[in-house]
Amino acid sequence: MDKNSNNQPEQQAHHSVYQKLDQVETRRQQLKLSFPTQATEKKIIPPKPQQQQLPILNSSRERFRAHESGKLQFSCSEIYDFTSDDLVDLGEIGRGAFGSVNKMIFKKTDKVMAVKRIRCSSVVDEKEQKRIMDLDVVMKSNDCSYIVQFYGAIFKEGDCWIAMEIMSTSLDKFYKYVCERQQERIPENILGQITVATVHALNYLKEKLKIIHRDVKPSNILLHERGDIKLCDFGISGQLIDSIAKTKDAGCRPYMAPERIDPEFSHKGYDVRSDVWSLGITLMEVATGKFPYQSKWASVFEQLYQVVQGEAPRLTRHYNGMDFSEDFCNFVNTCLIKEETNRPKYKTLLQHPFILLHEQLQPYVHPEVASYVVNTLESMANCGITQFTTDQPAIW
Ligand SMILES: Nc1ncnc2c1ncn2[C@@H]1O[C@H](COP(=O)(O)OP(=O)(O)OP(=O)(O)O)[C@@H](O)[C@H]1O
Ligand SMILES: [Mg+2]
């Protein structure tokens, strides 16, 4: 489309946005910013091209082998050496834009784990591998009960294998089943526990480990039949995805805060408040059963138009025929304050009445979360949806 031509009415209407988009592209290039391609957003993962991989492996086979073995740490006293040969693959439990997650057993102890494999041979050289393997920050995260336990990582033929605690399901699969198949909604008590767990996990990452998550979304919040709710995909996984994303073309990330989409603001660097925005979008989506913007964008242009130029989504007491408490609406709308500088950080959010209430309720509601998750998973299984069902219906 020729954006200089001004005889098409819709182009005239969007002229200022095109100007903005030009600024974005210039700024993006200056900052070397880029996001995953639309193909990866749609989770279209082409089969692994064997022919293309061979030259990389042949030219650096020895170097890649350096990290083909690693340590699995299940507790302070339970540490084992491992390679991929020590794992038995039980099947795929999930698939994302950058690889897949499989259920695997560590043969020496019969420990069942989730192993996330990220394809990164083309972007992660030996130096980067070493830096990633040295990230002891992730091991420290095992002190927080709201964060998925990390066991260890290896590189195998240029792919990174990340072994972690296996959970029962993720919030994206869960809410889609509840809202779309059961035509119900997740009770506010459960939403309260999801909120408490996620804010505490994010606060822990920032305060104790000095890291920012950067990818808060329903698929990175996991649920366990025990009633545990945990955050995943930061640290090694986050670092790798960042490295890979930098090499891809522009695309949109639905949970991204306005200040992250519009690179005019990017010089300030990433602030925890961008994760607070993503949490607001996530909560609104899982509470209402619908992504809060009208559609999933086909281009960065559309995302820029709606998120940066448009009003922030707002949850109301009576929303699409559903009732929500004043405190919950206020919490979500506080996360979704469009102006980053007015949006609170975790210290303030942790004092919010919605958090305080659900922290108090936690000892009583934890068993309720457990039985709710167990019952919903049972119902899913009765509909043929198991832990190994990776293709969930799209909501958009
Ligand atoms: N530790 C785990 N236990 C159980 N299931 C998991 C675990 N980690 C991930 N999964 C499942 O695997 C799926 C794929 O995870 P992955 O992180 O690769 O992609 P994603 O988060 O869905 O999306 P994206 O690639 O866009 O970040 C998740 O949606 C989740 O259902
Ligand atoms: Mg994930």
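In this predicted model, residues 24 or more positions apart make up 72% of the contacts in the protein chain with a separation of 6 or more. The chain has 396 residues, of which 37% count as buried. Its secondary structure consists of 15 helices and twelve strands.

**Ligand 1 and Lys-116**

The shell around ligand 1 holds 23 residues, and Gly-94, Gly-96, Ala-114, Ser-170 and Ser-219 come nearest. Two or more residues are given by each of strand E3 (87-96), strand E4 (99-106), strand E5 and helix H7 (171-181). The most come from E3, with four residues. By type, the shell divides into eleven nonpolar, six polar and six charged residues. Both domain 1 (60-164) and domain 2 (169-382) take part, each with at least three residues in the shell.

Lys-116 carries the annotation "binding site" in an unreviewed UniProt entry. The residue sits in strand E5, which covers residues 111-119. Is Lys-116 buried or exposed? Lys-116 counts as buried because it has 24 C-beta neighbours inside 10 Å, and 20 are enough for that class.

**Helix H7 and the loop after it**

In H7, the residues Leu-171, Lys-173, Phe-174, Tyr-175, Tyr-177 and Val-178 are buried. What covers them includes strand E8 (169-170), helix H8, strand E9 (221-223), helix H11 and helix H15 (353-382). An α-helix has 3.6 residues a turn, so residues three or four places apart point the same way.

Just after H7 comes Gln-183, with a positive phi of about 55 degrees. Gln-183 lies in the loop between H7 and H8. It counts as exposed because only 8 C-beta neighbours fall inside 10 Å, and the limit for that class is 12 or fewer.

**Helices H8 and H11**

How does the span of each helix agree with its number of residues? For H8 (residues 188-209), the 22 residues should span 32 Å at 1.5 Å a residue, and the end C-alpha atoms are 30 Å apart, which agrees. For H11, the 17 residues should span 24 Å at the same rise, and the end C-alpha atoms are 25 Å apart, which also agrees.

H11 covers residues 272-288 and includes Leu-283. In H11, 17 of the 17 residues are buried, so the helix is largely enclosed by the rest of the structure.

Leu-283 counts as buried because 25 C-beta neighbours lie inside 10 Å. Leaving aside residues up to four places away in sequence, Leu-283 touches Leu-191, Thr-195 and Val-332. Leu-283 and Gly-192 are 91 residues apart in sequence, yet their C-alpha atoms are 9.8 Å apart in space.

Thr-195, one of the residues that Leu-283 touches, belongs to helix H8. With 26 C-beta neighbours inside 10 Å, Thr-195 counts as buried. Which residues does Thr-195 touch, not counting those up to four places away in sequence? They are Leu-283, Phe-331, Phe-354, Ile-355 and His-358. Thr-195 and Phe-328 are 133 residues apart along the chain, and 9.7 Å separates their C-alpha atoms.

**Residues with positive phi**

Most residues other than glycine have a negative phi, and most peptide bonds are trans. The table gives residues with a positive phi and the place of each.

| Residue | Phi | Place |
|---|---|---|
| Gln-183 | about 55 degrees | just after H7 |
| Lys-210 | about 60 degrees | just after H8 |
| Gly-289 | about 85 degrees | just after H11 |

Asn-320 also has a positive phi, about 50 degrees, although it is not a glycine. Asn-320 is in the loop between strand E11 (318-319) and strand E12 (322-323). Why does Asn-320 count as exposed? Asn-320 has 9 C-beta neighbours inside 10 Å, and a residue with 12 or fewer is classed as exposed.

Methods:
Residues are numbered from 1 along each chain as its sequence is written. Chains are lettered from A and ligands numbered from 1 in the order in which they are written. This is a predicted model: local features need pLDDT of at least 70, side-chain atom pairs count only at pLDDT 80 or more; totals for chains, interfaces and linings use all residues. Two residues are in contact if their C-beta atoms, placed from the backbone, lie within 7 Å. UniProt positions are given in the numbering used here, feature names are shortened, and annotations may be inferred rather than shown by experiment. A residue is near a molecule or strand if its C-beta atom, placed from the backbone, lies within 6 Å of it. Ala, Val, Leu, Ile, Met, Phe, Trp, Tyr, Cys and Pro count as nonpolar, Asp, Glu, Lys and Arg as charged, and the others, Gly among them, as polar. Domain bounds come from an automatic or database domain assignment. The expected span of a helix is 1.5 Å times one less than its number of residues.
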